[in-house]
Amino acid sequence: MQSAQTTVIDTEQLQTLAVAAGVEAAGAILDAFWTSCEDLLTLLKDSFQDRNFDEMSKAAHALKGSAMNLGAVQLAERAKVIESGARDNDIQTVQQAFIHLAGDVSASRVAFKDLMQSLAA
């Protein structure tokens, strides 16, 4: 696998899922993850704008768990930082994490897409 994939995602998690459930089912699960991810990102952005640390922490926690379940480790780590910062009402930490969040999502999408293509081949 590409080194970018191993730093952004844990390829073994999705590979294991693809072996157990099939590549098509793994793809469907990944699609559901991205739909949920978009909803959580919207909730995170809204709660950040409103400075609603409780909602921000909850959304970040949900994103962290979903990302870890599929192996999006970089995204999960960023969500963990946001969750922790929100729990501490630390707007600077949260703001710094938000700066990188979109990049983590994009990098995860690319890495998962590449991995799914290799699994389907």
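How many helices and how many strands does the chain have? I looked this up before anything else, and I noted six helices and zero strands, where helices (H or I, at least four residues) and strands (E, at least two) are DSSP runs numbered from the N terminus. From the N terminus on, the elements read α-α-α-α-α-α.

I remind myself that this is a predicted model, in which local features need pLDDT of at least 70 and side-chain atom pairs count only at pLDDT 80 or more, while totals for chains, interfaces and linings use all residues. Residues are numbered from 1 along each chain as its sequence is written, and side-chain values use heavy atoms, with hydrogens and water left out.

**Overall form.** I found that the C-alpha atoms fill a box of roughly 45 × 25 × 15 Å along the principal axes. The radius of gyration is 15 Å, which agrees with the value near 14 Å for a compact globule of 121 residues; the radius is taken over C-alpha atoms, and the globule rule is 2.2 Å times the number of residues to the power 0.38. Buried residues make up 37% of the 121, buried being under 20% relative accessible area, with a 1.4 Å probe and protein chains only.

**α4 and α5.** I then looked at helix α4 (residues 53–70) and helix α5 (residues 73–87), which pack at an angle of about 160° with their axes 8 Å apart. That makes α4 roughly antiparallel to α5, a term for angles over 145 degrees; axes are lines fitted to C-alpha atoms, for helices over the stretch in contact, and angles run from 0 to 180 degrees between N-to-C directions. I listed the residues in contact (heavy atoms within 4.5 Å), among them Phe 53, Met 56 and Ala 60 of α4 and Ala 79, Ile 82 and Ala 86 of α5. By class, this contact has 12 nonpolar, two polar and four charged residues; Ala, Val, Leu, Ile, Met, Phe, Trp, Tyr, Cys and Pro count as nonpolar, Asp, Glu, Lys and Arg as charged, and the others, Gly among them, as polar.

**α2 and α4.** Next I checked helix α2 (residues 11–21), whose axis comes within 7 Å of that of α4 and crosses it at roughly 65°. The two are therefore roughly perpendicular to each other, as angles of 65 to 115 degrees are classed. Gln 13, Leu 14 and Leu 17 of α2 meet Met 68, Asn 69 and Leu 70 of α4.

**Phe 53.** Last, I noted that Phe 53 is found in helix α4 and counts as buried at 16% relative accessibility. Leaving aside neighbours within four places in sequence, Phe 53 is in contact with Ala 86, Asn 89, Asp 90 and Ile 91.

Conventions. Parallel < 35°, antiparallel > 145°, perpendicular 65-115°, else oblique. Buried < 20%, exposed > 50% of the residue type's maximum accessible area, 1.4 Å probe, protein only.
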